[in-house]
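Q: Got a minute to go through this one with me? I'd like to start with how the packing is put together.
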Amino acid sequence: MLQGVMMDAFNTEVGGAGFLRGMVGQSPRFLDVLKLIPRIAHYDAPVLIEGETGTGKELAARGIHAGSRRHTKPFVAINCGAIPESLIENELFGHARGAYTDAGASAPGLLRLAHQGSLFLDEIDALPPRGQVALLRFLQDGYYRPLGARHAESADVRIIVASNRRLKTLVGEHGFRADLLFRLHVLALDMPALRDRPGDPWLLAHHFLDEFTQRYGNTAGIARRSIDARAHAWLDAYAWPGNVRELENLVHRVFLLAEGPELLLPAPEGPVSGHPDPVLLPDGAARQSYTAARAQALDAFHRRYLIDLLRHAQGNVTHAARLAGKERRALGKLLQKYHIDPARFRTQDR
């Protein structure tokens, strides 16, 4: 029910864009992304989506395709890190019969399969130099030549790429072609980390709970379940290095192993000090060892204190260190440890 309320809010925010279903959240940074996707979908140009692993880059890419004029045509997705360098051109362009020893018949490449639709290249940062040259050549004029073919062919394809590393940084390190980045970086989308989306982990946890209830609803022994309200605080306090994917896997695991109607959601980092699971007492409360509970409480305190400190200092680390009575370098290490970016607080309330 909670997810349904949120989806109504999404549709109100973005003008009833139903193709955004599945993207759950109400934090300011996430709503900015939701508002931008329909605008990007409207213009038929290359798209670069950047963000950490597990932030929903492919979901955003599918939303862009579903909201575009190409929505009735194929959406073809491929992970560039899974393609050997020697097969890049064959994967992208296909081959003609007899192009090589085992080519008994011609075969289309990804560009042909995605004709009039969208081709999503995930982990574009892992594309080897040979593949970068091949992709750049196609982006320049829309033509390509299948391996072993005599004539070039054209394809009407929208290219959407994603990277969990900043391509501008890779260009500076000579790990990515600058000319290819210029071709790809026409429209851009930056997916925020889950730790920068206050309140959204709680909403997402309920979204996934609804999904798993529907998936396993007819399974013997699986009853309607809810999430323990006491989990709300640490869902926001935890750094979520695996982002939304980590949260989904956590809810999935706890949902399947729960013995009662309430999900007690253990700490995402899992068991501490060799204890296999929290002990469930008759009243349903989860109990941990003193060491585990203390560590979890300290982590939550640090994150909340640092966030409040930076909010008060408006992202100025030097001022924040002075307020906290710490050296700037020591404070910087704490911010890095808890994945807190001071830049996110510099524009607030201005």
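A: Sure. One term before we start: contact here means heavy atoms within 4.5 Å. Also, this is a predicted model.

Q: OK, with that in mind, which residues is L111 in contact with, leaving aside its neighbours within four places in sequence?
A: L92, F93, L119, F138, Y144, A155, V157 and I159.

Q: And the largest nonpolar core, how many residues does it have, and which have the most contacts inside it?
A: It has 30 residues. L111 is among those with the most contacts inside, along with L119, I124 and I159.

Q: Which elements give two or more residues to that core?
A: On the helix side, α4 (88–93), α5 (110–113), α6 (129–141), α7 (167–172) and α8 (178–184). The strands are β5 (118–122) and β8 (158–163).

Q: Which one gives the largest share?
A: α6, with five residues.

Q: What else is there by way of cores?
A: There's another one lying apart from it, with 25 residues, including L194, W202, A205 and L247.

Q: Switching to rings. How many aromatic pairs are there?
A: Six. One of them is F138 with Y144, an edge-to-face pair at 6.4 Å centre to centre with 65° between the planes.

Q: Are those two buried or exposed?
A: F138 and Y144 are both buried. They also belong to one aromatic cluster together with F93.

Q: What about Y238 and W240, why is that pair edge-to-face?
A: Their planes are at 85°, and over 60 degrees counts as edge-to-face. The ring centres are 4.7 Å apart.

Q: Buried or exposed, those two?
A: Y238 counts as buried because its relative accessibility is 17%, and the cut-off is under 20%. W240 is at 0%, so it counts as buried as well.

Q: Which charges lie over ring faces?
A: R197 lies over the face of F30, 3.8 Å from the ring centre. R225 lies over the face of F255, at 5.3 Å from the ring centre.

Q: Last topic, A82. Where is it?
A: In the loop between β2 (75–79) and α4.

Q: Why does A82 count as exposed?
A: Because its relative accessibility is 62%, and exposed means over 50%.

Q: How are A82 and E123 placed relative to each other?
A: They're 41 residues apart along the chain, with their C-alpha atoms separated by 9.2 Å.

Definitions and conventions. Residues are numbered from 1 along each chain as its sequence is written. This is a predicted model: local features need pLDDT of at least 70, side-chain atom pairs count only at pLDDT 80 or more; totals for chains, interfaces and linings use all residues. Side-chain values use heavy atoms; hydrogens and water are left out. A nonpolar core is a set of buried Ala, Val, Leu, Ile, Met, Phe, Trp, Tyr and Cys residues joined through side-chain atoms within 4.5 Å. Buried means under 20% relative accessible area, exposed over 50%, partly exposed in between (1.4 Å probe, protein chains only). Helices (H or I, at least four residues) and strands (E, at least two) are DSSP runs, numbered from the N terminus. Rings of Phe, Tyr and Trp (its six-membered ring) pair if their centres lie within 6.5 Å; planes under 30 degrees apart count as stacked, over 60 as edge-to-face and the rest as tilted. A charge sits over a ring if NZ of Lys or CZ of Arg is within 6 Å of the ring centre and within 35 degrees of the ring normal.
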